[in-house]
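Work through the following exercises with the structure open beside the text, and try each task before reading its solution.

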Amino acid sequence: MRVLVIGANGATGRLVVDRLKDHEVHEPVAMVRDSEQQPRFSGMGVASVVADLERPLDEALEGVDAVIFAAGSGGSTGPEQTLAVDRDGAVRSVVAAEAGTVSRYIMLSSMGADPESTGHPISHYLRAKGWADRHLARSELSWTIVRPGRLTDDPPTGRVNLAARIEGSGSVSRADLAEVLVAVLDHPGTPKRTLDLLEGSHTVDEALERI
Ligand SMILES: NC(=O)c1ccc[n+]([C@@H]2O[C@H](COP(=O)([O-])OP(=O)(O)OC[C@H]3O[C@@H](n4cnc5c(N)ncnc54)[C@H](OP(=O)(O)O)[C@@H]3O)[C@@H](O)[C@H]2O)c1
């Protein structure tokens with residue numbers, strides 16, 4: 001599959017592209033929002049496309065078979081940008097995916113994402129992510145929603161806890177998250193599933209077999 005990585009220049013997106021570029025059967029296309037970010041990908045032989053989640057995405061999705069959504073407005077922007085990118089941008093990408101050639105869609109969401117979230121310091125973010133997740137789950141796409149806890153830049157452990165619902169909180173490294181996002185792409189047990197993710201004790205393959 002040609003896999004469009006949305007947010008390819010981000011901390012997690014880069015790790016996802018790194019994994020996909022060496023994949024036996026899949027091929028990444030890096031979606032970035034600035035042409036100055038393209039040489040990083042062309043330098044490693046990876047195709048890229050310039051597109052912005054706040055604008056039409058149809059061209060970026062041309063000829064794409066699968067999407068991994070790893071973009072985000074980031075912690076330093078205001079609530080308006082959270083709505084524009086994490087909610088509306090994500091929904092726009094789902095709509096464009098449905099209209100195009102995409103069959104598989106992997107959403108990087110967040111533990112706690114909930115369209116009705118209230119009373120949490122980042123409820124606006126959790127609502128935005130929850131709204132996008134709900135839209136995806138109601139689509140005709142073959143979707144999987146991966147909801148990690150707090151992300152770290154720690155080295156990969158290769159050991160995770162992946163389950164429909166994990167109580168409590170915790171963290172997971174972006175490197176382990178990237179392994180999960182790519183492994184989920186063609187794991188037969190994952191379509192139409194929402195999976196929480198934390199660091200844990202199982203290899204990714206074991207964790208996927210257990211769900
Ligand atoms: N941080 C956490 O603890 C945590 C926990 C759970 C889930 N998450 C989620 O995990 C995901 C990845 O997080 P991260 O920290 O690895 O990401 P990141 O480093 O903040 O990267 C986000 C990427 O999204 C891109 N982006 C932002 N606005 C865009 C737009 N309008 N159009 C296209 N691309 C846009 C950015 O582009 P530029 O490179 O041009 O800036 C950047 O490459 C996010 O969805 C986040 O909500 C984070």
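**Exercise 1. Find which residues surround the ligand, and which elements they come from.**

Solution. In this predicted model, 24 residues surround the ligand, and the closest are Gly10, Thr12, Leu53, Ala71 and Gly72. The next step is to ask which elements give two or more residues to this shell, and these are helix 1, helix 3 (79-99) and strand 7 (150-152). Helix 1 gives the most, with three residues. Sorting the shell by class completes the solution, for the residues around the ligand divide into eight nonpolar, ten polar and six charged.

**Exercise 2. Describe how helix 1 packs against helix 5.**

Solution. Two packed helices are described by the angle between their axes and by the distance between those axes. Helix 1 (residues 11-21) and helix 5 (residues 174-184) pack at an angle of about 50°, and their axes are 9 Å apart. An angle under 35 degrees would count as roughly parallel, and one from 65 to 115 as roughly perpendicular; the two helices are therefore oblique to each other. The crossing in which helix 1 passes helix 5 is right-handed. On the side of helix 1, the residues that meet helix 5 are Ala11, Thr12, Leu15, Val16, Arg19 and Leu20, while helix 5 brings Arg174, Ala175, Leu177, Ala178, Glu179, Leu181 and Val182. By class, this contact has nine nonpolar residues, one polar and three charged.

**Exercise 3. Work out the order of the strands in the open sheet, and say which helices lie on it.**

Solution. The open sheet has eight strands, which follow the order 3-2-1-4-5-6-10-8 with mixed pairing. At the edges are strand 3 (47-50) and strand 8 (160-163), each of which pairs on one side only. From one strand to the next, the twist averages 20°. As an example of a pair, take strand 1 (residues 2-6) and strand 2 (residues 27-32), which run parallel and are joined by five bridges; here Ile6 stands opposite Met31 in strand 2. Turning to the helices, helix 3 lies across strand 1, strand 4 (66-69) and strand 5 (104-108), and runs at about 175° to strand 4. Helix 5 also packs on the sheet, where it touches strand 4, strand 5, strand 6 (142-148), strand 8 and strand 10 (193-199), and its direction makes about 165° with that of strand 6.

**Exercise 4. Decide how helix 3 is oriented relative to helix 4.**

Solution. Begin with the geometry: helix 3 and helix 4 (residues 123-137) pack at an angle of about 10°, with 9 Å between their axes. Angles under 35 degrees count as roughly parallel, and helix 3 and helix 4 are therefore roughly parallel to each other. Among the residues that meet in this contact are Leu83, Ala90 and Val94 in helix 3, and Tyr125, Trp131 and Leu136 in helix 4. The full contact divides into ten nonpolar, three polar and three charged residues.

How values were computed
Residues are numbered from 1 along each chain as its sequence is written. This is a predicted model: local features need pLDDT of at least 70, side-chain atom pairs count only at pLDDT 80 or more; totals for chains, interfaces and linings use all residues. Axes are lines fitted to C-alpha atoms, for helices over the stretch in contact, and angles run from 0 to 180 degrees between N-to-C directions. Helices (H or I, at least four residues) and strands (E, at least two) are DSSP runs, numbered from the N terminus. Angles under 35 degrees count as roughly parallel, over 145 as roughly antiparallel, 65 to 115 as roughly perpendicular and the rest as oblique. A crossing is left-handed if the near helix is turned anticlockwise from the far one by less than a right angle, and right-handed if clockwise. Two residues are in contact if their C-beta atoms, placed from the backbone, lie within 7 Å. Ala, Val, Leu, Ile, Met, Phe, Trp, Tyr, Cys and Pro count as nonpolar, Asp, Glu, Lys and Arg as charged, and the others, Gly among them, as polar. A residue is near a molecule or strand if its C-beta atom, placed from the backbone, lies within 6 Å of it. Two strands pair if DSSP finds at least two bridges between them.
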